[in-house]
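This report describes how the protein chains and DNA strands of one model are arranged. The sequence and structure come first, followed by the contacts between the parts.

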There are 2 protein chains.
Amino acid sequence: MRILVVEDDDRVARGLLTALRHAGYEVHRVGTAAAALAAPPADVVLLDLGLPDADGLDVLRELRRRQGVAVITVTARGEERERVLGLRAGADDYVVKPFGTAELLARIEAVLRRTRTARASSESSRSLELGPLVLDAASRTVTLRDVPLSLTRKEFDLLALLVGRAGAVVSRDLIVDQVWQSHWEAPSRTLDTHIAALRGKLGDGVRIETIRGVGYRVTEA
Amino acid sequence: MRILVVEDDDRVARGLLTALRHAGYEVHRVGTAAAALAAPPADVVLLDLGLPDADGLDVLRELRRRQGVAVITVTARGEERERVLGLRAGADDYVVKPFGTAELLARIEAVLRRTRTARASSESSRSLELGPLVLDAASRTVTLRDVPLSLTRKEFDLLALLVGRAGAVVSRDLIVDQVWQSHWEAPSRTLDTHIAALRGKLGDGVRIETIRGVGYRVTEA
DNA sequence: CTTCGACGACGAGGATGCGCATGGCTGGTT
DNA sequence: AACCAGCCATGCGCATCCTCGTCGTCGAAG
């Protein structure tokens, strides 16, 4: 597993490299945004949002465009706005300075675990089918009986996850983990809302069953 | 087939090892509870409940937590209380000292026969079968003679546990431990209620026997 | 046969989890 | 600068499920 560290502070960077290499990763380090975009491909990018030569968010968006790379942002304490912007721009997770090695490694492993299936499937087929429903990951398009559907981002991610495990029950926890990163604790009706939206747009054609107390399951109608 | 013998008495242990090895089993022996839990995985554990360094029942419960291992308890004559407690804690069978080699081998084979299907299926697909009953863990679906059944959450968990150990007695305590975590103390008719619901939905086709004072056992009708 | 303990049947009460509608917020768009 | 689509939080209503008490019944032991 290769990790790219984008960090301008030499001291911080050196500590990171030592810890990560010690954990068995292959690590490269760059200090500028330009170098980050030019660096060899990695599986995970540790991105400091406080870079000198460019807005870290631009780097993040560009990295996000390249499929299959996971991004963890690094921000200084208190810069909550930066963190949120990072997540919205597509970061998979974040850590706040100062952070411990154990926490960082845990988050790296969690992100890798989350993105493994996505990465594996994105390298092989990239298109899912379930009866009259066809889902193309590359173009993020959905057709139902050859009629294109217009889904929002969350709706697409949610449907892709469910169709990817069609026939099996997908727990609410897992859905929140994958579609929304950072599993929030507070019970919320947000997931239900998106499920309802999907049911509305899919009409019949695909059934989304509720498994009370567990999660959801999609089956061919 | 690997057998783990947990026995502190050297003389008894030596006799067991000889007999079991002669019967063609691969046998390991430990003399303490701690060593038992640290030992390499086995298919059957012969557990002496009269251990010096810990309550044998604790060992039993921990072993039971590891799927696919069968446990036969060994107790001294007359310690009826121990035997019942052992069964309640999830033992598959028991022998009473002093016992003959023939009886022991017969019980081991019987236990292995009972648990084979459960072990094999748990390692391959996660779907359980018992005669006309098919239970799929991933989709949480149940069919009886190809007719889908609608079970509630507790009902499904309960049935899965029972079918997973089909043919063996599953103690009430163990059921409460697994299906409801945190064993409640107050005697309550909750478990009976769910058993009754299952019996109603399964009709014939599957028998759920009551073992008074111990637990339940499911068998093909 | 009697007695005792455990289980089965049943029926509320309460708890839980979900669907849905609404309103505020934010980032992107024209 | 104003607008708008998408997203998230909240609250209420409802259906379902779980729980638990009581009583009747049955099996086992003496």
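## Interface between the protein chains

In this predicted model, chain B and chain A bury about 430 Å² between them, with 58% of that area on carbon and sulfur atoms. On the chain B side, Ser139(B), Arg140(B) and Arg153(B) lose the most area to chain A, and together they make up 74% of what that side buries. The contact draws on five residues from chain B and eight residues from chain A.

The number of salt bridges between chain B and chain A is zero. Two residue pairs are in polar contact across this interface, both at pLDDT 80 or more. Sorted by class, the side of chain B that touches chain A consists of one nonpolar, two polar and two charged residues.

## DNA strand C

There are 23 residues around DNA strand C, and those that come nearest are Arg189(A), Thr210(A), Arg212(A), Arg199(B) and Arg212(B). By class, the surface near this strand holds twelve charged, six polar and five nonpolar residues. On the DNA side, 63% of the atoms of strand C within 4 Å of the protein belong to sugar or phosphate, and the rest belong to bases.

Contacts with the phosphates come from both chains. Asp192(A) has a polar side-chain atom 3.0 Å from a phosphate oxygen of DNA strand C, and an N or O atom in the side chain of Thr210(B) is 2.7 Å from a phosphate oxygen of DNA strand C. A base is also approached: a polar side-chain atom of Arg212(B) lies 2.7 Å from a base nitrogen of DNA strand C. The elements that give two or more residues to the surface near this strand are helix H4 (80-88) and helix H8 (190-202) of chain A, together with helix H8 (190-202) of chain B.

Asp192(A) and Arg189(A) also take part in a network of salt bridges, in which they are linked with Arg172(A).

## DNA strand D

Around DNA strand D there are 20 residues, of which Thr152(A), Trp180(A), Arg189(A), Lys154(B) and Trp180(B) come nearest. Sugar and phosphate supply 63% of the atoms of DNA strand D that come within 4 Å of the protein. The surface near this strand divides into ten polar, eight charged and two nonpolar residues.

Trp180 of each chain reaches a phosphate. In Trp180(A), a polar side-chain atom lies 2.6 Å from a phosphate oxygen of DNA strand D; in Trp180(B), an N or O atom of the side chain is 2.9 Å from a phosphate oxygen of DNA strand D. Thr193(B) is directed to a base, with a polar side-chain atom 3.0 Å from a base nitrogen of DNA strand D. Helix H6 (153-164) and H8 of chain A, and helix H6 (153-164) and H8 of chain B, each supply at least two residues of the surface near this strand.

## Salt bridges within the chains

Over all chains, the count comes to 16 salt bridges. One of them joins Asp43(A) to Arg2(A), with the closest N and O atoms 3.8 Å apart. Asp43(A) lies in the loop between helix H2 (33-38) and strand S3 (44-48) of chain A, and Arg2(A) lies in strand S1 (residues 2-6) of chain A, so the pair ties together parts 41 residues apart in sequence. Asp43(A) is buried at a relative accessible area of 12%, whereas Arg2(A) is partly exposed at 34%.

In chain B, Asp43(B) forms a salt bridge with Arg2(B), the closest N and O atoms being 3.7 Å apart. Asp43(B) is buried, with a relative accessible area of 10%, and Arg2(B) is partly exposed, with 33%. A further salt bridge in chain B is made by the side chains of Arg29(B) and Asp10(B), at 3.0 Å from N to O. Because Arg29(B) lies in strand S2 (residues 26-30) and Asp10(B) in helix H1 (residues 10-22), this pair ties together parts that are 19 residues apart in sequence. Arg29(B) is partly exposed at 30% relative accessibility, and Asp10(B) is partly exposed at 45%.

## Two buried residues of chain B

Asp48(B) lies in strand S3 (residues 44-48) of chain B and counts as buried at 5% relative accessibility. Apart from its neighbours within four places in sequence, Asp48(B) is in contact with Val6(B), Glu7(B), Asp8(B), Val74(B) and Lys97(B).

Thr75(B) belongs to strand S4 (residues 70-76) of chain B and is buried, with a relative accessible area of 2%. The C-alpha atoms of Thr75(B) and Val96(B) are separated by 5.1 Å, although the two residues are 21 residues apart along the chain.

Technical notes:
Residues numbered from 1 in each chain as written. Chains lettered and ligands numbered in written order. Predicted model: local features only at pLDDT ≥ 70, side-chain atom pairs only at ≥ 80, totals over all residues. Heavy atoms only, no water. Near = heavy atom within 4 Å. Polar contact = N/O pair within 3.5 Å; in protein donor to acceptor, adjacent residues only side chain to side chain. Helix = DSSP H or I, 4+ residues; strand = E, 2+ residues; numbered from the N terminus. Nonpolar A, V, L, I, M, F, W, Y, C, P; charged D, E, K, R; others polar. Contact = heavy atoms within 4.5 Å. Buried area = accessible area lost by both parts, 1.4 Å probe. Salt bridge = Lys/Arg side-chain N within 4 Å of Asp/Glu carboxyl O. Buried < 20%, exposed > 50% of the residue type's maximum accessible area, 1.4 Å probe, protein only.
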